[in-house]
Amino acid sequence: MSPKPRIFSAHSHTAALCTRTHQIAALILVTATFFFTRLFDQSFPPSPCYLDRHLNLHVAKTNDAGHLLWPDRGYGSHLSLKIYVYDENEIDGLKDLLYGRDGSISSNACLKGQWGSQVKIHRLLLESRFRTRKKEEADLFFVPAYVKCVRMLGGLNDKEINQTYVKVLSQMPYFRRSGGRDHIFVFPSGAGAHLFRSWATYINRSIILTPEGDRTDKKDTSAFNTWKDIIIPGNVDDGMTKTGATVFQPLPLSKRKYLANYLGRAQKKVGRLKLIELAKQYPDKVCFPSLSVLQACAWPNEPHPKGFELECPELQFSGPNKLGRVEYFQHLGNSKFCLAPRGESSWTLRFYESFFVECVPVILSDQVELPFQNVIDYTEISIKWPSTSIGPELLDYLASIPDEVIEQIIGRGRQVRCLWVYAPDSAPCSSMRALMWELQRKVRQFHQSAETFWLHNGAVVNRNLVEFAKWKPPMPLP
């Protein structure tokens, strides 16, 4: 005789009557839970930046002190992640990606310029409170490399970079376990991940940190994926970003000589060619020597009929008349607006520099991607103008904006520019603290790849049924 099927009931026991005493106790419990939950959340300092709560910036949440909170949805209520940083000595070939084939490239030599963020992020992670030295407890893994700098200084060529990356990755069991999904790479220049020619084969699932969101113009495909990668700020000169910086003190708007400026090489790109065409329309007002640079020029003392001026000082990058750092920032800060067209790629460092000389950035790059869009409304701190419409109407538009409105835009930018500063994640506002929030959103509880399998007892194995702890390099990559 077969046993009777067991019937599960929502009320298989005799329920006690709900008395008024029970109701009061339940109400007290709910109230106490709410109070202690709020107290617990506020006991952590999740704020990556100090912002005035009354500013019309798109912020998801502020606490009672007016500190900006990263959105709870998808991020969590406080920072809690662990990042393992690969040591340069633990993997054969990693030193080559840091210092070149003969080890002659110093990290200090790579600290300046657009590739400096690669070094800064590495150094700051080594000192971060979110760093772990235990791979088994890590949420994410950071792979240090200074390949842009190393390549520029002759330490490795493109073929060597590609071969060395493949060699390094083949020695990382955790990379193979996840297919690279929990591994972080930094590519700080306009070339982006294309510096590693085989990126699409090996790290197309990894987290890429880059200021560059589009390179389809040159490579026919972009290495940036908005759903897994993170846009980071460009590397602004430390003399401008550090507290109490004395490189340059912004001028009052009333004392600025020019309406707008552009400093940079005049590469044959859409935005920059349009600026050249604009200069050509006023041959008696604007100096225009060649396509190589926009030469120093200034309007005559008499006011221009349309009420605007365009500064385009000559930039000499070598020789005795090389433009110095201080002079560069002085030129930028002598205008109300800083024009930021695309160059070799869609991002431009001038966008970030403009916040520290306190001119309003005017983005002239249609494909540009900007960092930390979950907490910053860029319409409040900048202007973006179609690169196809660069012409006299742009200057007319800029000239029509009252000084008091310009002051308000600059003021709002002044309060968020701390997010462009590569300072420790312990600082209340820094690029690194913001980056920690963005990385926390990428953390996965479970890891898999096409070459990862698992058994009934939870053991993770490879295609040959070898347990994860016994995987030995070199390994075939996912």
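Here are a few worked exercises on the structure above.

This is a predicted model, so local features need pLDDT of at least 70 and side-chain atom pairs count only at pLDDT 80 or more, while totals for chains, interfaces and linings use all residues. Residues are numbered from 1 along each chain as its sequence is written, and side-chain values use heavy atoms, with hydrogens and water left out.

**Exercise 1. The core**

Find which residues touch the most other members of the largest nonpolar core.

Solution. Start with the term: a nonpolar core is a set of buried Ala, Val, Leu, Ile, Met, Phe, Trp, Tyr and Cys residues joined through side-chain atoms within 4.5 Å. Buried means under 20% relative accessible area, exposed over 50%, and partly exposed in between (1.4 Å probe, protein chains only). The core holds 39 residues, and the winners are Tyr-86, Tyr-165, Phe-187 and Ile-203. Elements giving two or more residues to this core are α2 (94-99), α4 (147-152), α5 (158-169) and α6 (173-178); helices (H or I, at least four residues) and strands (E, at least two) are DSSP runs, numbered from the N terminus.

**Exercise 2. Helix α5**

Check the span of α5, then work out what its buried residues pack against.

Solution. The expected span of a helix is 1.5 Å times one less than its number of residues. For the 12 residues of α5 that gives 16 Å, and the end C-alpha atoms are 17 Å apart, which agrees. Next, list the buried residues: Asp-158, Ile-161, Asn-162, Thr-164, Tyr-165, Val-168 and Leu-169. They pack against α2, α4, α6, β7 (183-186) and α7 (199-202), where contact means heavy atoms within 4.5 Å.

**Exercise 3. Two salt bridges**

Where in the chain do the partners of Asp-238 and Glu-358 sit?

Solution. A salt bridge is a side-chain nitrogen of Lys or Arg within 4 Å of a carboxyl oxygen of Asp or Glu. Asp-238 pairs with Lys-120, with the closest N and O atoms 2.6 Å apart. Asp-238 is in helix α9 (residues 238-241) and Lys-120 in helix α3 (residues 116-126), 118 residues apart. Lys-120 counts as buried at 10% relative accessibility, and Asp-238 is partly exposed at 30%.

Now take Glu-358, whose salt bridge with Arg-414 has its closest N and O atoms 2.9 Å apart. Glu-358 lies in the loop between α12 (349-357) and β13, and Arg-414 in helix α14 (residues 403-416), so the pair ties together parts that are 56 residues apart in sequence.
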